[in-house]
Amino acid sequence: MSDAITPSAFDASEGVADWRVLFGGATANFETGSFTTGVALVARIGDLADAANHHPDVDLRYGSVTVRLISHDVGTISRRDADLARRISLAASELGVVARPDAVQTVQFAIDAHVHADVMPFWRAVLGYEARGEEDLDDPHGRGPSVWFQQMDPPRTGRNRIHVDVCVPPDQGEARVAAALAAGGRLVSSHAPTWWTLADAEGNEVDVATMAGRE
C-alpha cells in the first residue's frame with residue numbers, strides 16, 4: 001500500500017514546521033552561518049538518511065543548507081518524508097541551526113506544446129535532461145530547473161510559448177506578487193491563492209504558484 005500523503009497531511013505532521021511543500025517535494029532551508037556548521041549538519045542528515053534508507057537531495061552552501069525530500073517510488077511526498085523531515089529539523093536544532101522557510105522556492109520552465117512527443121526529444125537532447133513521465137524533463141544532476149510541457153489544445157495566440165513557473169510557500173505568494181508588480185510587472189490573471197500569472201513590461205510571462213488548496 002502506498003504511503004503517499006497530501007501537502008496538507010504533510011503540513012499537519014508533527015515536527016515539520018521548518019518545511020514547505022513545493023513542486024516536487026518538501027523543502028527546508030537551514031541558515032548555518034558557516035561552512036563548518038553546514039558540513040556538520042550534512043553529516044547528521046547523511047546518518048539519518050542511511051538509517052531510514054531514504055535519501056534527500058542536499059545543497060550545501062557557505063552559510064546555508066537546503067534539503068529537498070520526495071519519495072520517488074510513489075512520485076510525491078510520503079509519510080517517510082514527514083518522518084525524516086522531523087528528524088532533520090531536530091538535528092538542526094541540536095546544532096543551533098535556524099530554519100528559513102521564507103528562503104525556499106522551486107523554479108521550472110513551461111513550454112506550450114500541441115504534441116509533447118514532437119518537442120520533448122529536442123529539449124531532452126539539447127539540455128541533456130531525462131524524461132519524467134510524459135510531461136516533464138529533469139536535470140539528472142539536480143542542478144538546473146525542470147521543464148514542464150503544457151498541453152495547448154486549442155493553441156493560444158498572442159502570448160509567449162515559453163514561460164517561467166516559480167513555486168513559493170503559500171505564506172509568501174502574495175508578497176512575491178506584490179514585489180513583482182511594484183517592480184513594473186502587471187497582473188495577467190489571478191487564481192489566488194493557488195497561482196497568479198504576471199508579465200513584465202514587454203509581455204514575458206511568469207506564473208507565481210503555491211501549493212495552497214492542493215490537497
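This report describes the overall fold, the domains, the nonpolar core and a group of paired strands in a predicted model.

**Overall form**

The chain contains five helices and 13 strands. Its radius of gyration is 18 Å, close to the 17 Å that the globule rule gives for 215 residues, so the chain is as compact as a globular protein of that length. Along the principal axes, the C-alpha trace spans about 55 × 40 × 35 Å. Of the 215 residues in the chain, 37% are buried. Among contacts between residues at least 6 apart in sequence, 61% join residues at least 24 apart.

The domain assignment divides the chain into domain 1 (7–100) and domain 2 (108–209). The C-alpha centres of domain 1 and domain 2 lie 26 Å apart.

**The largest nonpolar core**

In soluble globular proteins, nonpolar side chains tend to be buried together. The largest nonpolar core of this model has 27 residues, and those with the most contacts inside it are Phe 10, Trp 19, Phe 30, Leu 41, Val 67 and Ile 88. At least two residues of this core are supplied by each of β1 (20–22), β2 (25–31), α2 (35–52), β4 (64–69) and α3 (79–94). The largest share, five residues, comes from α3.

**Strands β10 to β13**

The strand pairings around β12 and β13 are set out below.

| Strand pair | Sense | Bridges |
|---|---|---|
| β11 (residues 186–191) and β12 | antiparallel | five bridges |
| β12 and β13 (residues 205–209) | antiparallel | five bridges |
| β10 (residues 162–167) and β13 | parallel | four bridges |

Strand β12 comprises residues 195–199, and four of these five residues are buried, so β12 is largely enclosed by the rest of the structure. Strand β13 is likewise mostly covered, with four of its five residues buried.

On one side of the sequence, a hairpin of three residues joins β11 to β12. Within this pair, Arg 186 stands opposite Ala 199 in β12. The hairpin of β12 and β13 has five residues between the strands, and Gly 203 in this hairpin takes a positive phi near 90°. Two positions illustrate the register of β12 against β13: Trp 195 stands opposite Ala 209, and the bridge partner of Trp 196 is Val 208. In a regular strand the side chains alternate between the two faces of the sheet.

The parallel pairing of β10 with β13 places Asp 165 opposite Asp 207 in β13.

**The surroundings of His 163**

His 163 is found in strand β10. The residue is buried, because its relative accessible area is 3%, which is under the 20% limit used for burial. A polar contact of 3.1 Å joins the side chains of His 163 and Asp 165.

Beyond residues up to four places away in sequence, His 163 touches Gln 108, Phe 109, Ala 110, Gln 150, Glu 205 and Asp 207. Among these contacts, Asp 207 is also the residue that Asp 165 stands opposite in β13. His 163 is thus linked by its side chain to Asp 165 and is in contact with Asp 207.

Methods. Residues are numbered from 1 along each chain as its sequence is written. This is a predicted model: local features need pLDDT of at least 70, side-chain atom pairs count only at pLDDT 80 or more; totals for chains, interfaces and linings use all residues. Side-chain values use heavy atoms; hydrogens and water are left out. Buried means under 20% relative accessible area, exposed over 50%, partly exposed in between (1.4 Å probe, protein chains only). Two strands pair if DSSP finds at least two bridges between them. Domain bounds come from an automatic or database domain assignment. A polar contact is a pair of N or O atoms within 3.5 Å; within protein, one must be able to donate a hydrogen and the other to accept it, and residues adjacent in sequence count only if both atoms are side-chain atoms. Contact means heavy atoms within 4.5 Å. A nonpolar core is a set of buried Ala, Val, Leu, Ile, Met, Phe, Trp, Tyr and Cys residues joined through side-chain atoms within 4.5 Å. The radius of gyration is taken over C-alpha atoms; the globule rule is 2.2 Å times the number of residues to the power 0.38.
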